[in-house]
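Reader: Please take a close look at a single part of this model, the loop with the salt bridge that you would single out, and follow its connections outward. I would like the cut-offs stated as you go.

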Amino acid sequence: MDNWTAALLTGVACIVGYLVVLVKKINSLRQAEEKIKRARNRREQSLQRAEQAVLRYKESHPTTDSALILTLSLSELTQQLKDGSLSPEDVFYSYMEKTLAVNKKLNCCTEVLLESLDQLKTVGSNKDGLLYGVPVSIKENIAFKDHDCSCGVIINLDQPAEKDSVLVQILKKQGAIPFVKTNLPQALLSYDCSNPIYGQTVNPHNPQKTSGGSSGGEAALIGGGGSLLGIGTDLGGSIRIPASFSGICGFKPTAGRLSSQGVRPIYRGQKSVLSSPGPMARDVDSLALCMQALLCDHMFSLDPTVPPLPFNMEIYRSSRPLRIGYLENDGYTQPSPSMARGVREVKALLEQAGHTLVPYHPLKIDEIFPELMIKGFLADGGTSLLQKLKGGPEDPCLKGQFHRYRLPKWYKTIRSFLLKPKSPRISANIRALCGVRSVPDLWKQHAAVEDYIHETIAHWRSCNIDVLLCPVIGPAYNLFYCSKIPTALSYTIVYNLLNFPVGVVTVSTVTSKDEEELKHCNGYYQDMWDKLFKEDLLPVGHAWNTSPRRCPEGILIRCPNHLN
C-alpha cells in the first residue's frame with residue numbers, strides 16, 4: 001500500500017509539474033503575441049500618421065516637384081538645400097511619400113520616427129551642417145529616444161531607448177533628419193532579413209529574392225528609392241551583402257572609427273569578430289560625405305573612445321596611381337560567374353585608368369573561417385544568442401540555423417567526426433559550433449586572431465599593395481536560402497576579423513552567359529553547401545516582370561587606412 005501511494009503521489013507530482021510548465025509556456029507565448037501585436041500596432045499607427053502628414057503637405061504645396069527631388073544625388077541635394085533652391089520640407093515629404101510606397105512593396109520599415117515631423121520645424125538652426133535638411137534612415141538596432149531596439153527578438157520589445165545613440169545625435173547636429181527605422185533579421189546574425197515581429201523584407205529588384213542582411217531593410221529602402229542615405233551595422237558583411245544584393249553602395253569602417261554607443265548588438269562581450277556601424281547610399285561620394293559629417297568634433301566629444309581624426313577629403317580625392325591587389329576567389333567558396341566577372345571587368349577599368357593590378361590571395365581561409373570566425377562570434381556555442389530567443393516564436397527562415405546551435409556538443413562532435421572524410425568543410429564548421437572549451441582556450445583563440453592579423457599585414461606588405469579588389473557574394477539569394485549556406489560569408493567576414501575598412505560598389509547585373517556558366521560550377525568541395533549555392537542561384541520560372549538576372553553584382557574594395 002505504501003509503495004502504491006508513493007507511486008501515485010509521484011505520478012500526481014509529475015502531472016502537476018507538467019501542467020505548471022505547460023501553463024508557463026502558454027502564458028509566455030501569449031505575452032510574446034501581445035508584445036508583437038503592440039509593436040505592429042505602433043508601426044501601423046506611425047505609417048498612417050506619416051501618410052496623413054504627407055497628404056496634408058501635398059494639398060497645401062501642390063507645386064512641389066517630388067519626382068525631380070528624388071532623382072538628385074546627395075551632393076546635389078545638399079547644395080540645393082544650402083542655397084535655398086529647395087526647402088527641407090519639400091525634400092522631407094517627397095522622401096516620406098516615396099518611403100511609404102516602397103515599404104508597401106518591400107516591407108522594409110519597422111517604424112516611422114514621427115519626431116522627425118517636429119525636428120523639421122526647427123532644422124533651420126542647423127543650416128551650417130553638412131547634411132542640412134537630408135532625411136536619413138537608420139537600422140532598427142540604432143537607438144532613437146523612446147523607440148525600441150529589438151534586434152528582431154521579442155525579449156527586447158517594450159524597452160524604449162532612454163536617449164539617442166551618438167550617431168543619431170551627430171546626424172541631427174549636422175542638420176540631417178532621421179525619419180524612419182528599417183528592418184533586420186531575427187537576432188542579427190544572418191544575411192537574410194526576416195523576423196517574427198515585422199516579417200520578411202524582399203529585394204527591390206525582385207521580390208522573390210532577399211534584400212540581404214542584417215542591414216537588409218536599409219538596403220531595400222535605399223535600393224527602392226525611399227532613402228538616399230542610411231546607417232547600418234556590419235558583423236560579417238551586414239552592410240556589404242545587402243548593398244550587393246540590392247544594388248547600392250555600403251562602407252564598413254574600422255571598428256571604433258565611428259561611435260557604437262547606442263548601437264545595440266544581439267549580445268555583448270564578443271571580441272574576435274568586430275562589428276561596426278557605417279553608411280549606406282546610392283553612390284560612393286555619398287558615403288564619403290556621410291563619413292565627413294560623422295567624423296566631427298562633436299562625435300569626438302560625445303564619445304572619447306573614438307580617435308579624434310577627421311575624414312581626410314584631400315586623400316579621398318587624390319588621383320595618384322595605386323598598386324591594387326585583386327582576387328577572383330578565396331579558394332574556399334567558389335564565386336558565382338558574375339562575381340568573378342565583376343572583378344575582371346573592374347580590374348580592366350582600373351588598369352586603363354593607370355593603376356597597377358597584381359594577384360593576391362588571402363591566407364588560410366579554410367582554417368580561419370571555422371576556427372577564428374565561426375568559433376569567434378559563437379565562442380559560447382551559441383548560448384547567449386539562444387537566450388535572446390526565449391519566450392517567443394522563431395522566424396521560419398532561421399529555424400534551421402538556430403536548430404544547429406541547439407544541438408548538444410556531443411552530437412556535434414560525433415557528427416563532425418563522421419563527416420570529416422567526405423565533407424571536411426562541413427565537418428570543421430560543425431565542430432566550430434561547439435565554441436571554445438574554457439577561458440584559457442578563449443585567450444588562445446584571441447591570440448590566434450592577433451597572429452592572423454599580423455600575418456595578413458606582413459603578406460599585404462610583401463605584395464606591396466595599397467588596396468584590395470575582390471568579390472562580394474551575389475547575386476541576391478532566393479528566400480529561405482541564406483541560413484543554409486554559411487560559408488558564403490567567407491568573402492566578407494574575414495575583414496571583420498582583420499578589422500580592416502571595406503566597402504561595396506555595385507558594378508554589374510547578371511547576364512544570360514553568367515547563368516549558363518553557373519550550370520558547370522560544382523564548387524571547390526562539391527559538398528552539400530556547394531550544391532545549395534548552385535541551386536539557389538540558378539534561375540527559376542516566375543510571374544514577376546523583373547528577371548532574376550537583374551539582381552546587381554558588387555565588389556569589395558578594402559580601403560587603405562588613411563581613407564577610413
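Author: A salt bridge here is a side-chain nitrogen of Lys or Arg within 4 Å of a carboxyl oxygen of Asp or Glu. The model is predicted, and local features need pLDDT of at least 70, side-chain atom pairs count only at pLDDT 80 or more, while totals for chains, interfaces and linings use all residues. Residues are numbered from 1 along each chain as its sequence is written, and side-chain values use heavy atoms, with hydrogens and water left out.

The part I have chosen is the loop between β2 (135-139) and α6 (166-173), where asparagine 156 is found; helices (H or I, at least four residues) and strands (E, at least two) are DSSP runs, numbered from the N terminus. Aspartate 158 lies in this loop as well, and its phi is positive, at about 60 degrees, although the residue is not a glycine.

Asparagine 156 has a relative accessible area of 2% and therefore counts as buried, a class that means under 20%, with exposed meaning over 50% and partly exposed in between (1.4 Å probe, protein chains only). Leaving aside residues up to four places away in sequence, asparagine 156 touches Asp148, Cys149, Ser150, Cys151, Arg264 and Lys388, where contact means heavy atoms within 4.5 Å. With arginine 264, asparagine 156 forms a side-chain polar contact of 3.0 Å; such a contact is a pair of N or O atoms within 3.5 Å, in which, within protein, one must be able to donate a hydrogen and the other to accept it, and residues adjacent in sequence count only if both atoms are side-chain atoms.

Aspartate 158, by contrast, is partly exposed at 30% relative accessible area. Its side chain meets that of arginine 38 in a salt bridge with an N to O distance of 2.5 Å. This pair links distant parts of the chain, since aspartate 158 belongs to the loop and arginine 38 to helix α1, 120 residues apart. Arginine 38 is partly exposed too, with a relative accessible area of 37%.

Under the salt-bridge rule, the count comes to 21. One of them joins the side chains of aspartate 530 and arginine 425 at 3.1 Å, N to O. That pair ties together parts 105 residues apart in sequence, because aspartate 530 lies in helix α21 (residues 528-537) and arginine 425 in helix α17 (residues 424-432). Both aspartate 530 and arginine 425 are buried. Returning to the chosen loop, salt bridges that share partners join Arg38, Arg42, Asp148 and Asp158 into one network.

Helix α1 deserves a last look. It spans residues 2-60 and includes valine 16, which, at 44% relative accessibility, counts as partly exposed. Together with Trp4, Leu8, Val12 and Val20, Val16 makes a nonpolar surface patch of about 460 Å². Patches are made of residues with over 30% relative accessible area and no salt bridge, with like charges joined within 9 Å and nonpolar side chains (Val, Leu, Ile, Met, Phe, Trp, Tyr) within 5 Å.

Methods: Accessible areas come from the Shrake-Rupley method with a 1.4 Å probe; for residues, only the protein chains shown count as cover.
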